[in-house]
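The following exercises are to be worked through with the sequence and the structure at hand. Each task is followed by a solution in steps.

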Amino acid sequence: MSKDISIKNGANLALTGVASKEIKIAKDSSTVAIYPDDFLSLIPRMIVRVGDRLKLGDPIFYDKNDEKIVIVSPASGIIKSIDRGEKRKILKVVIDVDGDEKVRHEINQSLTKEKILSLLLASGSWPYIRQRPYNIIARTDKMPKAIFVSTHSTAPYDVDYDFLIKERLNDFQKGINVMSKIIGKPITLTSSTNKESIFSNINNVDIININGKHPSGNVSFQINKINPINMGEVIWVINPEDIANIGSFFNTGNFNPTRTVGVSGSSVKNPKYYKSQIGGKISSILSESDISNYKGNRYINGDPLTGNKVDFDGYIGYYNNIFSVIEEGNQYRMFGWLPFKDNHIPSFSRTSFSWLFPKNKKVNTNLNGEERALVVTGEMEKFFPIDIYPMQLLKACMIEDIEKMELLGIYEIIPEDFGLIDYSNTSKIEAQEIIKDAIQLMLKEVG
Amino acid sequence: MNFIRNNLDKIKKPFEKGGKLEKFYPAFDAFETFLFVPNHTTIKGSHIRDAVDLKRTMVTVIIALIPALIYGIYNTGYQYFIQSGLDFTFLDAFLHGSYKILPMIAVSYAVGLAIEFGFAVYRGHQVNEGYLVTGLLIPMIMPVDMPLWMLAISVIFAVLIGKEAFGGTGMNILNPALTARAFAFFAYPTYMSGDKVWVSEASNIDGISGETILGSLAGGQNIDYSSVQMFWGSIPGSIAETSTLFVLIGAVMLLYTGVASWRIMLGSLVGATLVGFLFNLWGANELMSFEWYNHLIVGGFAFGIVFMATDPVSAAQTQRGKWIYGLLIGALCILIRVFNPAYPEGMMLAILFMNVFAPLVDHYVVGANITRRLKRAKV
């Protein structure tokens, strides 16, 4: 059974250097690391200290807001360092990989809902589940009205989940079965229309085919069209690969930190997929020789619109299936503000002829202008396919008017939904940052 | 290019943090960013950005204004020579117009930008591009014989009270260019209306009768201009408003680039047509029976809907709001023209009036969205 829906508005950003469909197994990572910042609003409380020996699956820290949520070690080894920044905020926890010991959990054949929940928490698989509103790790005290898994990917450099999951269909099915037991109904699985999908034979799912440009791959917009969130309701969202990881846990009893990343970008010589793990060292998938001018690039965990900047000697993020490498844009452009000049920069505005060259484009990190007050109106709506006024919501967020934020739809959106707005808006407003701060304010004031 | 860049980097030193002229960095920055799009890279949010920025948007508007401006310059000379009965060539007319209008543009930019730079340095923010458009618009909508000092005072009022008092570009409630015109209109009425201001030197030469069409109609006189003349623009009026044709060329550029809202333009057109048509049916006096299509091509109507009503800061901000805002501007403009002969030019007042009401329109449009979403929650 499948249903088709269309999500209008939006635009695809076709960039050059998309990962080809070829998977390479990454080298073993000598160290792995977890960035607590990958989990919005999580306040880490360390369970281990530097020098402690851990198995894969041993807890490293828990969340101060919800102590049942633990983040476990993605590898067996010894804690090498706990790097802290300002106000002793933990930036990352680094583990020297050593040995191959794993924490094993007993999985009974007869799994009840309660048993599943406690196993997910104990094994460290729980952080794979993120909840809407807010896109934080699912709170343990509130059960969802639905669970969404999106295989419809539209972001620039986004991975093809059919390709990524096809070797792991067993684990994927198991994960779906287990999670659907929690809500007692099928999981909502979205996929792209007009595409033969390996997911069409999966059981326990309601398949919904989505037709649309970016950002129709963002789950917020899919939820809004399929099963909108109202005040007080919760929906869980899980990445396809994490469903397979959860399934793998229930098949084997071991926490599975597999992370396959599509490495893309104009600076990557042979962009392709790498099978690595959460927190794997970037140098275990890419060497300096794989990248042209490796010092002049920006490395991003995630896609170029929404990802997090990371150093070349950094680590793969917790949730990202995309790793992008694009040139830094620290050059001047003479009279670059003239209309119809520099058409090589992809632009959604008709003040550029870039639409005449729809071929894959090369981009860099230049801001292409300066930040200004909001002047142009009506441009954000073009990239916001639901019945929410993005600019009015942003303004409510800027003045921290909580009541207005609620009324205008803060519960239905997350920062990444403003990625294209960040990209396209004339005034170079940092929309994602504004929404992120607003969500943190909501968590603090409303909970 | 490298040569300029290197020199610029040298000059930049004292303006940077800790330098002697640090306070004046915004002023230097304005010149630097005029020459070069800066080398700033993204720090937060999306790592990549569109090529469009506010400078490009504003420059697009300026380019769109140029056809109307050039025709306005020519028409200034043309009206002068025709009315004085002298022989003239195209060049004569153009030179006379330039002689009159270029100083106005220079004064408008000099005074306005000086205030903008002053505020930028004082407040420590970058110089906004908004005034590049406003500064050109102001002389374009003034009568040609306005003394330069009056123009300067109108600019000061518009920039200080109309814009900076609210926080600068993007924060103003009223369209700054129309604020300048409204100020001049009420402060110096003898220079802004009547039959001696619309044609260059009209007050010095006897025999020139430079009444605008709307002015003549309000006075109950006959019109000896044809619709073609009105459309082409060889009629007396504010400098650049007379030619519907050249305004339309600008409109095409604004609509193609998407810089101006087609909703507002179309809305105004529909509003004015409807109201004009209704008055034609009624036809109680000269102004009422003035054909509805002629209403669209005389006075500041075309210039107003293309360049003034579409100012995104002072217009309604929601898509639906823009329709309502546009419709009401069109309707009000004709209403004011017909019912208030003291103000034959209704466009300025209609737009300013709707500028004030745009936030209210948006408030109800957004309110409807909120109600819709709350309703969904209850189902």
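A residue is called buried if 20 or more other C-beta atoms lie within 10 Å of its own C-beta atom. The model used here is a predicted one.

**Exercise 1. Strand E16 of chain A**

Task: Determine how many residues of strand E16 (residues 258–264) of chain A are buried, and state what follows for the strand.

Solution. Step 1: Apply the criterion for burial to the seven residues of strand E16 of chain A; six of them are buried. Step 2: Because six of the seven residues are buried, E16(A) is largely enclosed by the rest of the structure.

Task: Identify the strands to which E16(A) is joined, strand E17 (residues 272–277) of chain A and strand E20 (residues 322–327) of chain A, by direction and by number of bridges.

Solution. Step 1: E16(A) and E17(A) run antiparallel and are joined by five bridges. A:Val261 has A:Tyr274 in E17(A) as its bridge partner. Step 2: E16(A) and E20(A) run parallel, and three bridges join them. Here A:Gly262 has A:Ile322 in E20(A) as its bridge partner.

**Exercise 2. A sheet of three strands in chain A**

Task: Give the order of the strands in the open sheet that contains E4, E6 and E7 of chain A, and find which strands stand at its edges.

Solution. Step 1: The three strands follow the order E4-E6-E7, and their pairing is antiparallel. Step 2: Strand E4 (44–46) and E7 of chain A each have a single partner strand, so one side of each is left without a neighbour in the sheet; these two stand at the edges. Step 3: On average, neighbouring strands of this sheet are turned by 35° against each other, direction ignored.

Task: Describe the two pairings of E6(A), one with E4(A) and one with E7(A).

Solution. Step 1: Three bridges connect E4(A) with E6(A) in the antiparallel sense. In this pairing, A:Pro44 is opposite A:Asp63 of E6(A). Step 2: Strand E6 (residues 59–63) of chain A runs antiparallel to strand E7 (residues 66–72) of chain A, with four bridges between them. A:Tyr62 has A:Val70 in E7(A) as its bridge partner. Step 3: E6(A) and E7(A) form a hairpin, with two residues between the strands.

**Exercise 3. The domains of each chain**

Task: State the domain bounds of chain A and describe the contact between its domains.

Solution. Step 1: Domain 1 of chain A covers 2–10 + 28–252, and domain 2 covers 367–445, according to the domain assignment. Step 2: The C-alpha centres of the two domains of chain A are 26 Å apart. Step 3: Domain 1 of chain A gives 20 residues to the contact and domain 2 of chain A gives 17 residues. Step 4: On the side of domain 1 of chain A, the largest share, three residues, comes from helix H4 (residues 219–226) of chain A. That side has nine nonpolar, ten polar and one charged residues.

Task: Repeat the analysis for domain 1 and domain 2 of chain B.

Solution. Step 1: The domain assignment of chain B gives domain 1 as 1–49 and domain 2 as 54–369. Step 2: The centres of these domains of chain B, taken over C-alpha atoms, are separated by 36 Å. Step 3: Six residues from domain 1 of chain B and seven residues from domain 2 of chain B make the contact. The side of domain 1 of chain B divides into four nonpolar, no polar and two charged residues.

**Exercise 4. Where chain A touches chain B**

Task: How many residues of each chain are in contact, and which element of chain A gives the most?

Solution. Step 1: The contact involves 63 residues of chain A and 51 residues of chain B. Step 2: Elements of chain A that give two or more residues include strand E18 (297–301), helix H8 (419–424) and helix H9 (431–445). Step 3: H8(A) gives the most, with four residues. Step 4: By class, the side of chain A has 25 nonpolar, 25 polar and 13 charged residues.

Task: Describe the strand pairing between E21(A) and strand E1 (residues 36–37) of chain B.

Solution. Step 1: The two strands pair over two bridges in the antiparallel sense. Step 2: A:Arg333 has B:Val37 in E1(B) as its bridge partner.

How values were computed. Residues numbered from 1 in each chain as written. Chains lettered and ligands numbered in written order. Predicted model: local features only at pLDDT ≥ 70, side-chain atom pairs only at ≥ 80, totals over all residues. Domains from an automatic or database assignment. Contact = placed C-beta atoms within 7 Å. Nonpolar A, V, L, I, M, F, W, Y, C, P; charged D, E, K, R; others polar. Pairing = 2+ DSSP bridges. Axes fitted to C-alpha atoms, helices over the stretch in contact; angles between N-to-C directions. Buried ≥ 20, exposed ≤ 12 C-beta atoms within 10 Å, placed from the backbone.
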